[in-house]
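Let us work through a protein model by question and answer. Keep the sequence and the 3D view at hand.

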Amino acid sequence: MGYVAKIVYDKDNRVTEENDAHGKIKEMRNRMRKIVAATEENKEEILKLYKIQLGREFCPWDDSYPGMKEIEFDLGRESLFVMIDGQEINADAESKEDRIIAAISIDDDPQVERLDCWSHKLAPGAELSRLAVHPDFQNQKIARQMLVFGMEELARRGYKSVHFLVNKLNVKALRSYAVFGFDTVGECSLYGQPFLCYEKSL
């Protein structure tokens with residue numbers, strides 16, 4: 001008999017697979033994923049992750065943004081997080097190949113913070129930004145996992161709310177984020193893109 005699997009985290013923030021039919025929790029076969037704070041050693045790989053997004057539908061980024069400047073800015077504030085996909089090369093060996101498959105930042109963009117749509121009652125709030133998922137790992141709900149982690153991190157840091165911008169024409173992203181129940185509190189045009197402004201209490 002088949003089973004329905006869903007992604008959950010264990011106590012070490014590692015992704016595991018839950019077998020609903022049999023009620024068993026087991027590690028995902030030959031793969032471990034974990035969201036961690038990015039380090040200086042991750043800079044080049046994160047930059048490659050950003051650059052591979054260029055040209056994709058609704059991507060507002062260009063050759064200069066986001067770049068190493070933004071990566072170093074985020075690292076300096078301990079505000080850049082990545083999902084590591086550890087794939088076992090040999091099940092009988094200890095060697096593994098780790099790969100960064102997603103990233104998200106707690107941003108501090110004055111233009112975004114100056115928007116008058118954010119609720120004063122939910123201050124202090126912070127923006128989640130620069131969310132990127134490697135194309136090889138699309139449609140696995142990784143973007144949602146990164147957002148959940150980002151919101152939990154904001155709560156740990158004492159913020160009362162989260163806000164971010166989504167291209168208003170990006171139907172796929174809007175549908176994906178709808179499950180969180182964000183409030184659409186306004187619209188804006190920044191960086192040549194039309195955005196919806198999302199906000200949510202933590």
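The turns below cover one helix and then some salt bridges.

This is a predicted model, in which local features need pLDDT of at least 70, side-chain atom pairs count only at pLDDT 80 or more, and totals for chains, interfaces and linings use all residues. Residues are numbered from 1 along each chain as its sequence is written, and side-chain values use heavy atoms, with hydrogens and water left out.

Me: Which residues of helix 1 are buried?
Reply: Helices are DSSP runs of H or I with at least four residues, and strands are runs of E with at least two, numbered from the N terminus. Buried means under 20% relative accessible area, exposed means over 50%, and partly exposed lies in between (1.4 Å probe, protein chains only). In helix 1, residues 43-51, the buried ones are Lys-43, Ile-46, Leu-47, Leu-49 and Tyr-50.

Me: How wide an arc do these buried residues cover around the axis of helix 1?
Reply: An α-helix has 3.6 residues a turn, so residues three or four places apart point the same way. The arc is taken from the directions from the helix axis to the C-beta atoms. The buried residues lie on the same side of helix 1, because their arc is only 155°.

Me: Which residues are exposed on the other side of helix 1?
Reply: Turn from the buried side, which holds Leu-47 among others. On the other side, the exposed residues are Glu-44 and Lys-48.

Me: How many salt bridges does the count come to?
Reply: Side chains of opposite charge can pair when their charged atoms come close. A salt bridge here is a side-chain nitrogen of Lys or Arg within 4 Å of a carboxyl oxygen of Asp or Glu. By this rule the count is 10.

Me: Which residue forms a salt bridge with Asp-85?
Reply: The closest N and O atoms of the pair are 3.0 Å apart. Asp-85 sits in strand 5 (residues 80-88), and its partner is 52 residues away in strand 4 (residues 31-37). Asp-85 is buried at 0% relative accessibility, and the partner is buried at 6%. That partner is Arg-33.

Me: What is the relative accessible area of Arg-130, the salt-bridge partner of Asp-107?
Reply: Their closest N and O atoms are 3.0 Å apart. The pair links strand 6 (residues 96-107) with strand 7 (residues 125-133). Asp-107 is buried at 8%. Arg-130 is buried too, with a value of 4%.

Me: Is Arg-157, which pairs with Glu-153, buried or partly exposed?
Reply: The closest N and O atoms of this salt bridge are 2.8 Å apart. Glu-153 is buried at 12%. Arg-157 has a relative accessible area of 35%, so Arg-157 is partly exposed.
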